[in-house]
Amino acid sequence: MDTFDDENPFDTEVDRAPSEASSTSKVDISEPPSPHPNTSLGFGPAGLTNDSGYPTSSRPTQPNFKVDFCCARDRVLHSGDDVEIMITDAIKTSLNSSSPYIAYSIQTGNATAHHRYSEFESLRSNLSKLYPTLIIPPIPSKQTLGDYAVKQGRAKEDAALIARRKRMLQTFLNRLARHPILSNEHVFHRFLDGEVSWNILKAPSHNPTDQNASPAYAALPNPSAAHPLRNPDQRFYDSEAFTNKFATHLSGPMEKVTRRTIKRWSDDAQDHSELGAALNGFSLNESDELAAAIEKTGQAVDSTYMSTTKLTQELEQNWAEPLHEYAQFASIIKKLLAYRHQKHVQYEMTQDALESRRESLEELEKSEREARRLEEALGRGRTNGPTAVRASSSEGETTEASSPTDGDDDPNPASGYLPPHPGPNPARRRARTPGMGLLNALSYTLHGMMDVDPETARRNGISKTRETISQLEDALHLSAQDLKYSSSTIQADLDRFQRQKVADLREMAISMARSHRDWCKKNLEAWEEAKKEIDKIPEHPNTVNMKNTPVQTRRDSTATINGR
């Protein structure tokens, strides 16, 4: 057992602390964290090695000793006994409905509940939303349009369809009851009395219905399942490839050949039924030993018909239905891996959004620093400007008083005195384009209404960007935790499913071998009885006694040609 690694997320050690990310922007997702404390259950016997297709990481099971029960159904399911959920009947009713429907009676211990097919479908859909990281067992498929076209109003009342649904829905419920996590879900317990519904992607993976979930989940993106990953996880990439091959195998040649085989066995049984009836009727026209022999032969044919019919039913129940169920499992696993893919894409998109916002914040802060530097420079210019002007004016007056009135006699034309700027040219100021005054007035009014202040807008942008970055950091941390939990839980459930698949396929093969063996034994017994009766028929008087007649070799064709 030392070969198993210690990464099973469903560990029963309650004192194990959940992993914490050291940074909100770069969170390590290489190791799975501890799961939700309510999921402290093992998965069963040790798993298979990597040659099974799914990368495995499992460890031995630990027994589940449950002492706190949420309801009476929970107590029954975890009483320690091997409780079997039975669908005992299918009743046609119109209770709480305007049209009649088929309700299935579910027996769990001493409790009985009635549910229609759509409610089973709702249960499975809700469990898929509540546990997006678990493999939820399938239910029988809906009827096709062809069934409704052929049977029209009687499609829902088809006895064979109802019997098949009873068996497969019972299997579905018992798979839920034996699941280490789903059997503890109160929604499943309440299915005996009612139903629930939920919603998923922007919610915690371990508990999408958590009322106290962080508001940062609202900041997470909603990616598409087709969105590519920058850094895909090789384990789940291999699992997707294996699941696609598995689905192609089952839904392709295996299901087609199985349906064709069962149809031919059914046709053969029908032919034997007609032949047996014909032989039994023919025996009434004969007498003595011949009549008894023909009758016995007809009975052997009838026995072949009955054993073939039983063989067909067993092949349908023990081979075709589980095969179809596993084809549905393959589709379910695809959706499960797609959910995990979306969670990974969500993590990467949140990282990208956070980096983009940080770059925007850097640009805004840089602009703010430049604006402040310019403002400081302008402030220094305004502070030094009037002093310099007053000093220049006093110097100019002194020079004017001491100098001759005639400025043309100034011997130093390059003196430091500068005449004051005359201001804008009055002629140029008056030369405006007609209509521009109205436009300028409108522009001034609009700017006042919009309160366009670049400095205020820039600072508001910085404040909002910092707030967004804080939300994205929290969202990234939550997304990283969800991704860890999803990866570890999905991997563990894939390992459990692989063990379940191997055990079920083994049981399917054994059931098929047993069915054929029983078919052969029954037919052998019936035909041996018929042979005994046939041996009682006296030989024809004209028949040559083969015991005393020497065995003749075949006549040579050349002797016939030569006339001998």
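Q: In this predicted model, why is Asp 504 called partly exposed?
A: Its relative accessibility is 21%, and the partly exposed class lies between 20% and 50%, so Asp 504 belongs there.

Q: Why does Arg 175 count as buried?
A: Buried means under 20%, and Arg 175 comes to 19% relative accessibility, so the label follows. Arg 175 is also among the buried residues of H4, a list that includes Leu 173 and Phe 172.

Q: What makes Asp 504 and Arg 175 a salt bridge?
A: The closest N and O atoms of the two are 3.2 Å apart, and the cut-off is 4 Å, so the pair qualifies. This bridge links distant parts of the chain: Asp 504 is in helix H10 and Arg 175 in helix H4, 329 residues apart. The structure holds 21 salt bridges.

Q: How do you know that the length of H4 agrees with its residue count?
A: At 1.5 Å a residue, the 20 residues of H4 should span 28 Å, and the end C-alpha atoms are 29 Å apart, so the two values agree. In the chain, H4 is also the helix where confidence is highest, at a mean of 92.

Q: What makes Glu 370 and Arg 373 a salt bridge, and where do they lie?
A: Their N to O distance is 3.0 Å, which is within the 4 Å limit. Both are in helix H7, 3 residues apart, about one turn of the helix.

Q: Why are Glu 370 and Arg 373 called partly exposed?
A: Glu 370 has a relative accessible area of 43% and Arg 373 one of 45%. Both values fall between 20% and 50%, so the class is partly exposed.

Q: Why do the partners Lys 536 and Glu 533 get opposite labels, exposed or buried?
A: Lys 536 has 52% relative accessibility, over the 50% cut-off, so Lys 536 is exposed. Glu 533 has 18%, under 20%, so Glu 533 is buried. Their salt bridge has its closest N and O atoms 3.7 Å apart. Elsewhere, salt bridges that share partners join Arg 175, Glu 325 and Asp 504 into one network.

Q: What makes the aromatic pair of Phe 242 and Phe 246 stacked?
A: The planes are 10 degrees apart, and under 30 degrees counts as stacked. Their centres are 6.3 Å apart, within the 6.5 Å limit. The two are 4 residues apart in helix H6, about one helical turn. Phe 246 is buried, with a relative accessible area of 12%, and the charged end of Lys 501 sits over its ring, 4.8 Å from the centre.

Q: Why is the pair of Tyr 326 and Phe 497 called tilted?
A: The planes meet at 45 degrees, which is neither under 30 nor over 60, so the pair is tilted. Tyr 326 lies in helix H7 and Phe 497 in helix H10, so the pair ties together parts 171 residues apart in sequence. Tyr 326 and Phe 497 are both buried.

Q: What makes the phi of Asp 288 worth a look?
A: Phi is near 55 degrees, a positive value in a residue other than glycine. Most residues other than glycine have a negative phi. Asp 288 is found in helix H7, and its 61% relative accessibility is over 50%, so Asp 288 counts as exposed.

Note on methods:
Residues numbered from 1 in each chain as written. Predicted model: local features only at pLDDT ≥ 70, side-chain atom pairs only at ≥ 80, totals over all residues. Heavy atoms only, no water. pLDDT = per-residue confidence, 0-100. Expected span 1.5 Å × (residues − 1). Buried < 20%, exposed > 50% of the residue type's maximum accessible area, 1.4 Å probe, protein only. Salt bridge = Lys/Arg side-chain N within 4 Å of Asp/Glu carboxyl O. Phe/Tyr/Trp six-rings, centres within 6.5 Å; stacked < 30°, edge-to-face > 60°. Lys NZ or Arg CZ within 6 Å of the ring centre and 35° of its normal.
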